[in-house]
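Reader: I am new to this structure and would like a close look at one part of it. Please take the sheet and what packs on it, step by step.

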There are 2 protein chains.
Amino acid sequence: MDDREILNLTSKLQHANVLGTILDLLQWDEQVNLPVASGSRRSEQIALMSKLFHRASTDVAIGERLSSLEGRPEALSANDRTIIRWARRDFDRATRLPSAFVAEKSRLDSEAYHVWRDARERSDFDRFAPFLRRQIEMTRRAAGYVGWGERPYDYCIDCHDPGMTAGEISGLFETLRAGLVPLVREITASPAQPQTDWLHGFPVAEQDAFLRDVVQALGFDFTRGRIDVAVHPFCSGDAADTRLTTRFQEDEPLDSLYSAIHETGHGLYEQGLPMRHLGTPLGKAVGMAVHESQSRLWENQVGRSRQFWQHFESRFRRAFPRQTEGISFDEIHAAVNAVRPTAIRVDADEVTYNLHILVRFDLERRLFSGELDVSELPAEWNRLYRDWVGVVPASDAEGILQDVHWAGGMFGYFPSYCLGNMIAAQLWAAVQRAISDLSQDFTRGHFGRLLGWLRENVHQVGRRYDTRELVQKVTGEEISPAHLLKYLRDRYGSLYLPETR
Amino acid sequence: MDDREILNLTSKLQHANVLGTILDLLQWDEQVNLPVASGSRRSEQIALMSKLFHRASTDVAIGERLSSLEGRPEALSANDRTIIRWARRDFDRATRLPSAFVAEKSRLDSEAYHVWRDARERSDFDRFAPFLRRQIEMTRRAAGYVGWGERPYDYCIDCHDPGMTAGEISGLFETLRAGLVPLVREITASPAQPQTDWLHGFPVAEQDAFLRDVVQALGFDFTRGRIDVAVHPFCSGDAADTRLTTRFQEDEPLDSLYSAIHETGHGLYEQGLPMRHLGTPLGKAVGMAVHESQSRLWENQVGRSRQFWQHFESRFRRAFPRQTEGISFDEIHAAVNAVRPTAIRVDADEVTYNLHILVRFDLERRLFSGELDVSELPAEWNRLYRDWVGVVPASDAEGILQDVHWAGGMFGYFPSYCLGNMIAAQLWAAVQRAISDLSQDFTRGHFGRLLGWLRENVHQVGRRYDTRELVQKVTGEEISPAHLLKYLRDRYGSLYLPETR
C-alpha cells in the first residue's frame, strides 16, 4: 500500500521533472542556437512550458499523497523519507505563494531587469534604487508566505543552500576575510608577477580541440553530454543529457579553457547523480554551494595545479607551437595562476574572487537586517572594495551595478560561490587524506581515482543530506574556511612569495 | 460577437501550435545534437509533448467553437472561413480515431519499424510482409473512422496533399511515364556521359563555407533560421525559427550542396508564410507536394542551371582550387546534372527520381484497390524497376525494402515528391512568363525577383487554397506533367543529346 503511494508520488514528481527538462532544453537552445530574430517565439514557448511545469509541480494530488505518507513515517524506508522531506519543501514553496503575488513578482522582475540595464549603461544608481527596494520588499513577503517571515535572508540562503544560515556564513566569511585580505596584499606587493602578454593569437579551432581533450580526460561522458559555445558559459541538463558551454576569444585562451573545466565540474556532478533516482530528490544536487564546490575543485585544485600542466604541457605546445615558443613550464603555470585585483567579479582570479563575494554578502545581510539602507549602498560598496579587494570602482556601472542578480531579486545566491570554494578546498584535503599521491595521477593524465571518490562520496549521495550534513559526513568536520586559506596560501605562496615558505 | 469567437478559436489553435513547435524542437535537437546515450530521456520528452499537443488539438472547446461558427457563415470573412474549413478538417481527423486504435497503431509502428530494419538487413521480405499487411489494414480502418471508408488510398493522399486523388494522379503519372522512360533510355545510351571522378577530396570546412554563401544568396534569412548537420537532411520549424540541415562527406560535395539548396527551398517557403497568421491554417503550407515544389525548384531549376553556375563558378574554384584544376565550366555543369539510373531512390538524379516514385505509387494504388497482394510485391517491384527505371535491384534489401515509409504506414506520401517536381516545373514556366530574362538574374547572383514572385504567389497565400486550386490560380492551368517533361527534355537534351536540339 505504501509502496504504491510512494510510487504514485515519485511518478508525479518525475512527470513534473520531464516538463522541467524540456524547459531546460528550450533555455539551453536559446543561449546556444537561437537565431537573433526568433526571440519572441522562444519567449512564448518558455512561458507556456513554465506554466505547465508549475502546474505539474503544484498538483494537489502531490500534496494529498505527501500528507498521507507523512502520517505513517514508520512504514517508510530511509530513501522514501528523504524523497518526502524534499518533495514537501519544494511543494510548499511552490504552492504557498499566492498567484497574484507570483504575477506581480514576474512583472517586477521583467521591469527591474530593463531598468537595471539602462541604469548600468548610464551609471545611474538612483534610477535602479526604487526597484531594488521593491525586490527586497517582495522577498520579505515571499519569506512570510513560506513561513520564514522572521528570517527573510535566511530564507534566501536556504533556497540555494539548504541547511545554511546567514549567521553561520557570517562567521565563516569573517575568518576567511581575516586571512585573505593580508594574503592578497602580500601577493600584490610581490616582485614575482607572472607574464601574461604571450596569451594572444590562439586560434579558436585549436583552443576548441585542446579543451575537448581536457574535458574528455577529466572524465566527462560525451555519450550523454556535449559542449557548445554560449556568451555566458553554463551547464544545463542532468545525468541523462548534460550540456556544457564555453566561449572563445583568440586573446583569451585561458578564459575558454577554464570556463570549460569549471562547467565540466558541474557536468561531472550531474552525470554522477544516481540515474535510477532521476527526477526525484534522491537524483538531484544538494544545492548551489556543493555544485560550485565541484566546478571549483576541477577548475582550480585540479586544473591550475602543476601536475595537471605537467601532463597537458606537451599537448598545449603542440596545439600552440608559435604562441608558447620561449615560454617555460613555470611561466605557463604562473600565468594560469595570475592574481590581479579588479573591480569586476566575473574577471576575478581564484584568490580575490572570494573577496567580491564577501562584499556582496555583507551588504545583503545588512540590507535585510535593516542596518543598511538602499541609498547607502554605492558608498558602502566602494568602501568595502577599497578596504577588502584593494580596488576602487571607477563608476557605479563598474561597482554596485555590475551584477544582474539583484535586479531579479536573487538574494542569498552570491554566498554559494564562496561557500563552494571553501567546500572544494575541504573536499580536496579529505580526498588527499583518503588517496595518497593523488596529484601524481594527474601528471599521467589520470583523473579516475579523484572522480571515483567524488562519485562515491558526493555525487551518488544525491540529496540525501543537506549542505552542512554532507560536508560533515564526507570530511569529518563542519564547513570551515581553514582549508581554503591553507590551500591558497600554499599554492600562491609558492608562486608569489617563495621566501616565506 | 463573431470576432470574439474566431479570436477564441485561433487562440486555441495557436496554443496547440506552440506545443507543436516545442515538439518540433525536441525532434530537431534529437537529429542534430542529441548525445548517443540520451535517447531514452528524449523519447520520454517527445511522448509527453505529443500527448500534450494531441490533447490541445482535440480540446472539445475547439469543436464547440467550430460548430457555432459554422452555423453562421454569413458573418464570417473569407479568411475566417478558410481558418474554419481547415481547423474542422484537422480537428475531425484528430478526434475521430478512437484512442484504443491510436494506441494500437502506435505499437504497430514501433514494432513494424524494428521488423523492417531487421528484414532489410537480412533482405527477408517475408519477415516484413505480415506487418505491411497490418499497416494496410490499419490504414483502411483509419480511413473508415474519418469518413473515407470507400476510398482509403484517396484518404492517404488527401492527408498529404489536400484536394488530390489517386485517380487524378494516375492520369498525370501515366503521361509522365510515357515521356520519361524513352528520355532516360536516350540519355543512358548517349555517348556524352559526364565525368564525375574529380568529385572527391573536398574538405568539409570549405564545403560548409561555400554552401552557406549559396544559401544566404538564395535569400534564406539567417536572422530567423540556421543550418546544421544531420544524417538525413531535413527542414524543421516555421517562419519564426526555420532550421535546415545538410550532411558532409569529403567525396560527396554535390550531395551536401544540393541537400542544402533543397532544404533551403523548404525553408524559404516556411519563412515566406504570413507571420501574422502563424499557428493558424492561414500561416501553414498547403501540403507536401507544394512544399516539395519549392525545394525542387530551388534545387533543380535554379541550382542546377548554367546561370547559377556562371555566378558561383569563381567562388567554387576559390574554395576548391586544387580539386577543380583543369575542370572546365561545362564539365562542372555536366557533373551537377549527371543522370545515372540506380536502384536506390535517395541516390537518384533529377530525371530518374520520378520513375522511382511512379513505381511506388503504382504499387500502393493496386495494393489498396485489391488488384495486388502483398506477397506479389517483390516481383512486381523488380519488374517495374526493370521496365521503367532500367535497373534490376540486386536484392530485396536494395529493392522493395529500401524505404522506411511503409513500415510506418505512410502510404500516399511518395506521390507528393513527383507531384512536387511537376508543380515546380509548372511554376517555373509561369514565373518565366511573368518575368522576362529571369535566369539572367542568376548570373549576377540575384535571386530576389524569383523569391519575390514565389512569396507573393505561393508563400503569402498560406493555406487559402488546396493543392489543385493553388496551381490553377498561379499558373492558369490544371496540374500537368507537360511542363516537367518539356523542362527535362530541354535541359538534359542539351547536355546529353545535342544533336536532337
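Author: Two strands pair if DSSP finds at least two bridges between them. With that rule, the sheet in chain A of this predicted model can be read strand by strand. The sheet is open and has 3 strands, in the order S1-S3-S2, with mixed pairing. Its edges are S1 (225-229) and S2 (235-238) of chain A, each of which pairs on one side only. From one strand to the next, the twist averages 15°.

Take the pairing of S2(A) with S3(A), residues 241-246. These two strands run in the antiparallel sense and are joined over 4 bridges. Within this part of the sheet, A:Cys235 has A:Leu244 of S3(A) standing opposite. A helix also belongs to the picture: H10 of chain A, residues 253-272, packs on the sheet and touches S1, S2 and S3 of chain A. The direction of H10 makes about 165° with that of S3(A). Angles over 145 degrees count as roughly antiparallel, so H10(A) is roughly antiparallel to S3(A).

For contrast, here is a packing of two helices in chain B. H16 (residues 414-434) and H20 (residues 482-496) of chain B pack at an angle of about 80°, with their axes 7 Å apart. That angle makes H16(B) roughly perpendicular to H20(B). On the H16(B) side the contact includes B:Met422 and B:Trp428, and on the H20(B) side it is formed by B:His483, B:Leu484 and B:Tyr487. By class, this contact has 6 nonpolar, 3 polar and 1 charged residues.

Conventions:
Residues numbered from 1 in each chain as written. Chains lettered and ligands numbered in written order. Predicted model: local features only at pLDDT ≥ 70, side-chain atom pairs only at ≥ 80, totals over all residues. Heavy atoms only, no water. Axes fitted to C-alpha atoms, helices over the stretch in contact; angles between N-to-C directions. Parallel < 35°, antiparallel > 145°, perpendicular 65-115°, else oblique. Contact = heavy atoms within 4.5 Å. Nonpolar A, V, L, I, M, F, W, Y, C, P; charged D, E, K, R; others polar.
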